[in-house]
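Morning, everyone. I'll take just a few minutes on this one. Please have a look at the screen.

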Amino acid sequence: IRVVVYYRVGSALAAAFGIGAAMISQPGQGVTDLLGSEAAKPVEYNFLDNMVAWIPTNVFESLTNANTLQIIIFALFAGVALLALGERGKHLTQVVDEAADVMLKLTDYVMMYSPIGIFALIAKMVTTLSGKMLVQVAKFILTDVTACLLCIIIMLPLAVQLLSRESAWRFFKNIMPALIVAASTTSSAATLPLELKIAKQDLGVPENIYGFTLPLGNTCNMNGMAIGLGIIGVFASNLYGYPITLTSIIQFTFLGLVLSVGCAGVKGAGIVMSSVLLNTLGMPLTLVPIIAAVFPLIDPLHTAANIGGDLDGENLHARISSVTVGGDLSLRVKSSGVKAMAGGDLDIRLDELSSEVVELSAGGDVDLRLPAQAHARMHITSGGRDILMRVGGWNERVEMFVFDFTLGDGTTPIQITA
């Protein structure tokens, strides 16, 4: 639950960050190339009425009218129902999974020829749009790229530094190969195997954590897409003459959160989500060809931000972790924020420790092994006879700085070796 909440909050903040960046740069303001009779009419948004309209009364009517958001809402409820049915719903679940695979394969076929279509769109855009409009398109690209870079370079490392007290530079250095592959392939799904490898070998995250959080984030945590949708919402509003109010900003944020969840981790999926966004906002779709033409320029950083958010979430989930067993517990972790409780003896080895909180409680003896450089805040209690701490390995220089150190209950013998 914790990592799901973190992913959802992260996507909402990413969408809000994209909207904020667009509100500063104001891409699309002052041009009339896409204005038509339908766009000049101001639209009154009622957020609650729109939310009610997202709930389908008849899913077949939604399919007929291509009301994508209602279809997504229905799919969410249907997925929850299938999960609740368990084994009884496995056959329908298999049919849905296979249908999704077919659609993704069809998308791959389309994307194989997309460079030709994108080249044609760019050629048409250059020859038909005014110079002012091209400047605004360039401003849109620059805003998107800048926002994604700030998210990757500042927001994600800052979250690591503040929430887990781990070195932000070390985390960024470890995930850099995944970011490079994500940017070069523009596919979150294609980067997943490398993410799993980095989580295990470089970040030291247990398999039971990264095996769940990374595939989950790969599916529903799209920070880069959320940033892009927020910027597109402001860009389209400026182009079509729609007022940007507090209600519309909340709507952009909410749609960025919802649509980024439903975005497939394949090339070009953001173009589809952009059309869904415009359709939901009641705006013309004449902007979609322009977005499709420039999407190859912004998609690499979208994907990199998506992957960075996934690794950030699973890393934080691992670093703020707890283990409780009724009997003896033997644990080796490369983590921070460790809370381990055992009804019997507790044997724990921490591979890395720096400005971290360690809370250990055992009904029996405690055997704790720390690295040679240990900087920590520790609270250790034992109901057994001994607490043994071993710091460093053979012939290692030990640098130990431990503060707020509580050991035992005042009666348990303590032995520290280095």
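In which helix is alanine 159 found? Helix 7, covering residues 131-163. Keep in mind that this is a predicted model.

Now, is alanine 159 buried or exposed? Its relative accessibility is 17%. Buried means under 20%, so alanine 159 counts as buried.

Next, a contact across the sequence. Alanine 159 and aspartate 312 sit 153 residues apart along the chain. Their C-alpha atoms, though, are separated by 7.9 Å.

On to the strands. Let me start with strand 6, residues 366-370. That strand is mostly covered. Of its 5 residues, 4 are buried.

What does strand 6 pair with? Take strand 4 to begin with, residues 346-350. Strand 4 and strand 6 run parallel, joined by 4 bridges. Within that pairing, arginine 349 stands opposite arginine 369 of strand 6.

Then there is strand 8, residues 387-391. Strand 8 also runs parallel to strand 6, and here 5 bridges join the two. Arginine 369 turns up again: its bridge partner in strand 8 is arginine 390. Leucine 370, in turn, stands opposite valine 391 of strand 8.

Last item: the side chains of strand 8. Which of them point to the buried face? Ile387, Met389 and Val391 point to one face, and these are buried. Leu388 and Arg390 point to the other face and are not buried. Why the alternation? Because in a regular strand the side chains alternate between the two faces of the sheet.

So Val391, opposite leucine 370, is on the buried face of strand 8. Arg390, the bridge partner of arginine 369, points the other way.

How values were computed: Residues numbered from 1 in each chain as written. Predicted model: local features only at pLDDT ≥ 70, side-chain atom pairs only at ≥ 80, totals over all residues. Heavy atoms only, no water. Buried < 20%, exposed > 50% of the residue type's maximum accessible area, 1.4 Å probe, protein only. Pairing = 2+ DSSP bridges.
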